[in-house]
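Got the viewer open? Take a short tour with me, one selection at a time.

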Amino acid sequence: QNSEIRLLELAAAAEKRLTHPVAAAIVRYAEDKGVTIPPRGEWEYQVGLGVRAEIDGEIVLVGSDRFLRSCGVSTDRLYEQHPEIQNNGASLIYVASNGEFLGAIEYTDPLRKESRDVI
C-alpha cells in the first residue's frame, strides 16, 4: 500500500470529529482524495500537542514535533531528508504509528476574513 495514502488514512482517522480547524482540514483532504478512513478506537487528545489513537490495531500519534518526541518518536529523519523544511516556515502535522515516524502533512492557515480588521 502507498505510504502516502496510509499516512493520510491514519491521520484522518485520528483527527476525525476533533473540533480544531487543522483536524477538519485533514479529514476533508482525505475525503477529497477518496481515502477510506478507518474507524478510530480508544483515543486521547492533548490540547495544543496532538492525538494518540488506536487505529487498525496500531497506536497512532498525530500532532506536533514536540508531541511525537515526548512520546519517544524521533522526527530527525524528515529533517535529514528535507533540510529546507526547517527554514521555510511550513506548518506541519507529524504522524507516527507503533513508535515509528511515518511522515508529515504540510498545511497553511488561510487568512480569515476578519484578519484585516483585527490588524
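Which residue's side chain meets that of R6 in a salt bridge with 2.9 Å from N to O? Select R6 and E58: these are the two side chains that meet there. Keep in mind as you go that this is a predicted model.

**Stop 1: R6 and E58**

Colour the two ends of this pair separately. R6 sits in helix 1, while E58 belongs to strand 3, and the two are 52 residues apart, so the pair links distant parts of the chain. Switch on a surface if you like: R6 is buried, and E58 is buried too.

**Stop 2: add D56**

Keep R6 on screen and select D56 as well. These two also form a salt bridge, with their closest N and O atoms 3.2 Å apart. Here again distant parts of the chain are linked: R6 comes from helix 1 (residues 3–15), and D56 comes from the loop between strand 2 (50–55) and strand 3 (58–63), 50 residues away.

Buried or partly exposed: how do D56 and R6 each count? D56 has a relative accessible area of 46%, so it is partly exposed. R6 has 17%, and because buried means under 20%, R6 counts as buried.

**Stop 3: over to helix 3**

Now jump to R69 and D65, whose side chains meet in a salt bridge at 2.6 Å, N to O. Why are they about one helical turn from each other? Because they lie four residues apart in helix 3 (residues 65–70). R69 is partly exposed at 37% relative accessibility, whereas D65, at 16%, is buried.

Before moving on, zoom out for a moment and select R6, E9, D56 and E58 together. Salt bridges with shared partners join these four into one network. In total, the structure holds six salt bridges.

**Stop 4: around D65**

Return to helix 3, where D65 is found, and centre the view on that residue. What does the side chain of D65 touch through polar contacts? One polar contact, of 2.6 Å, runs to the side chain of R69. Another, at 2.9 Å, goes to the side chain of Y79.

For a last selection, show T75, Y79 and Y94 around D65. Once neighbours within four places in sequence are set aside, these are the residues that D65 is in contact with. So Y79 turns up on both counts, as a contact of D65 and as a polar partner for its side chain, in a spot where D65 is buried at 16% relative accessibility.

Terms used: Residues numbered from 1 in each chain as written. Predicted model: local features only at pLDDT ≥ 70, side-chain atom pairs only at ≥ 80, totals over all residues. Heavy atoms only, no water. Buried < 20%, exposed > 50% of the residue type's maximum accessible area, 1.4 Å probe, protein only. Polar contact = N/O pair within 3.5 Å; in protein donor to acceptor, adjacent residues only side chain to side chain. Contact = heavy atoms within 4.5 Å.
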